[in-house]
Amino acid sequence: GSARASGWEGLVFAGDAGGTIHAFNPLAGVPLYRMCLEKQQQLRGGSLVASTMVWALAWAGDGTLVSGDSRGQLKLWAVGGGGGAGGGGGVGAQRSGSSSSSARGTLIQAVQTHSADVLSVTACPQEGLVFGAGVDNKIACLQRSVEGGQWQYSCSQRPHTHDVWALDICYVPHHKPPRVPILVSGGVDTKVCTYNCHKFQTGLALRLWPFPQHSVVSTASVLLPGRGGGGDHPGQDADATTSEDEDSDEDEQAAAGAAGGGAGGEEGPPPAVDTTLVAVQHNDRVDIWKLQSRISGLVDLRPSAPSASEPEHELWARVKVGGEDSKGGGRWNLTCAALSPDGSLLALACPRATRLLQVVHPPSPRGSRRGRPALKKVAGGLPLACSRPAALCVQFSADSSCLLLANQNGDLQVLDVSAAGTGAEGVHLVHTFPRGCDQDQGPPTLLAVSADAQWAAVAYAGGCLRVYSLDSLRLFWALPGFDTPATALAFHGGSRGSGGEVVVVVACASRRFYLLDPDQRQLCEWSQDLGGRFPPQLLERPEVITNIAFDPARPQSLVLGARGFFCVVYLNRPVDSAGAEISTRTSHGNVNPRKESKSRRISKADGKTVDTSNFLMCNDYTPLIHVGFTRAHEMLVIEAPWLSILQSLPKTLYRHRYGT
């Protein structure tokens, strides 16, 4: 049967499927005593069956053990002092007398908190709180009373839609006052929720979406043959598989399967069309979607999308990470992936190695509606020093001639890929920047390169930021860190031939963002004028900023993207002494009166009402995966409809709701 274990002061407790909790002395290797739960007296074919299963154990402090079982109960046991030597240190000992033996395995209390199995239990001994969750998607809280030490049912929340399998307590190091306990829950619905233990009864859960923190979308603009006469069907993909086995590195290749084409009646190849390619990273594959130019409206980027009603897009290619772990660990998941801006190269990395593939765009065959790509390994591959250790972040320069890798050791590697695919020496390592911070800062999490390929920036998990000069190949600026770790990083300006000023934009977990001037090694004038006076509508959002984008037609603005909103920031509008102002609008340009800032400044110009707010927020899309610009005045917004995710999950426990 199943077993769950918990340890405390030299004792180890294990619960099994037979309804028994065993106490062991791990040093002596002998059992000390056991605690038996009642049987479920249910008749099945005339016999009594089904013992109570112990699903979870946790420590509640003061010598008290908490168990969660299949009867939907949280039981509190007095287990005495550590080491199995007895001693009435628990509440059970105080209630049952001075005998040390009575404190070992005494049931103090049983509370019916759930209507089904309790799958996870955790406790916060300092606050006298116990939390339990289970199949009925409810998180229940027990609180120890000040008088008498009894445990009482306090409250419950239902932030999840399915079974809750995990609960734990952590502490926020950046929070004031320090060591504020935070409850974290995770369940079958793929969400992670956090709660302030001090405000569990009155506060709401903060839901974290099940998507990577880094960007999983990259775009490219290429010229591809247009539509011809008969042929294949949209949505049919070209599959390529890359092996991650150490013994098959020499034989690794990506074979693209061409889609079937029919004989058409056209006399010659169709004209080239400006096409946008969108590469989306999944767990073990990368899907490359083909969008026709000037698409406006909703586009369904799923393999099951209807081809008749959505003829403008198709699943153009799919790269699968193949190969099983030689030690039986299963497939490796992708860590990061990026498509070059010209659509010719695809870089991807898993925990084992980094790969670089060449995307060949063949001309459309005569009579076929569209050509299919050929995905193959770049001749010569990556240098061994760049392939392993694997990269955690990959990024191409704007002209696709440079590839940057931030690997697991914290090093930044610069590769010249301008001649990739032309021969054995097509890819070579230009320079390796050693780790620019201490090991306690953690691994690199974000990587960005300027449009002119003169600057690169790396953000680490600990919060520090390093800016490198790719011209002089040296560490140019070392920033100790911000108020919270960085969640998004990008360069603004600096296009080749424009001679514009280069600005580093850094967004932090506190929903604040900063504009940095790498040349002067200081904050830009806009951030200095703002002085941290961000609008509360932005700072109080539960989501963090994960994406930064720029419209080429509006260099004096930037777009901040999060899972639940995107916000346009106007850098050319002055900030008054009261701080920045924000307005909320829909995707159709209409002002939402319920969410409109009362302090929004409106001025009259030629008889028209002009919005002079510094921020403009849109809440129409959720959850957002990506916000970016494919060209001037053309924004690409990708969202993952939550309803489609819920439809793929198993059924939940039926719960009767009042009025239904």
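Here are four short exercises with worked solutions on this predicted model.

**Exercise 1. Work out where the predictor is confident and where it isn't.**

Start with the whole protein: the average pLDDT is 78, and 73% of the residues score at least 70. Next, look at the two extremes. Helix 1 (residues 91–96) has the lowest confidence, with a mean of 33, while strand 12 (residues 129–134) has the highest, at 95. Finally, pick out stretches to read with care. Residues 241–266 stay under 50, and the model gives them 69 contacts beyond four places in sequence. Residues 593–607 are also below 50, with 30 contacts beyond near neighbours in sequence.

**Exercise 2. Describe the sheet that contains strands 28 to 31.**

First, get the order: this is an open sheet of 4 strands, running 28-29-30-31, with antiparallel pairing. Then find the edges. Strand 28 (391–396) and strand 31 (428–433) each pair on one side only. Now add the twist, which averages 20 degrees from one strand to the next. Last, zoom in on one pair: strand 29 (residues 402–407) and strand 30 (residues 412–416) are joined in the antiparallel sense over 5 bridges. If you want a spot to check by eye, find Leu404, which sits opposite Val414 in strand 30.

**Exercise 3. Decide whether Val458 is buried or exposed, and list what surrounds it.**

Begin by locating the residue: Val458 lies in strand 33 (residues 455–460). Its relative accessible area is 2%. Buried means under 20%, so Val458 counts as buried. Now look around it. Setting aside neighbours within four places in sequence, Val458 touches Leu412, Pro444, Leu446, Leu447, Cys464, Leu465, Arg466, Tyr468 and Leu489. Take one of these, Leu446: it is 12 residues away along the chain, yet the two C-alpha atoms are separated by 5.7 Å.

**Exercise 4. Find the largest nonpolar core and see how one of its residues fits in.**

Start with the background idea: in soluble globular proteins, nonpolar side chains tend to be buried together. Here, the largest nonpolar core has 27 residues. Those with the most contacts inside it are Phe513, Leu515, Trp526, Ile548, Leu558, Val569 and Phe615. Next, ask which elements build it. Those giving two or more residues include helix 3 (525–530), strand 38 (513–517), strand 42 (566–570) and strand 46 (615–618). To finish, follow Trp526. Leaving out neighbours within four places in sequence, Trp526 is in contact with Phe513, Leu515, Val569, Tyr570, Leu571, Arg573, Val575 and Phe615.

Technical notes
Residues numbered from 1 in each chain as written. Predicted model: local features only at pLDDT ≥ 70, side-chain atom pairs only at ≥ 80, totals over all residues. Heavy atoms only, no water. pLDDT = per-residue confidence, 0-100. Contact = heavy atoms within 4.5 Å. Pairing = 2+ DSSP bridges. Axes fitted to C-alpha atoms, helices over the stretch in contact; angles between N-to-C directions. Core = buried A, V, L, I, M, F, W, Y, C linked by side-chain atoms within 4.5 Å. Buried < 20%, exposed > 50% of the residue type's maximum accessible area, 1.4 Å probe, protein only.
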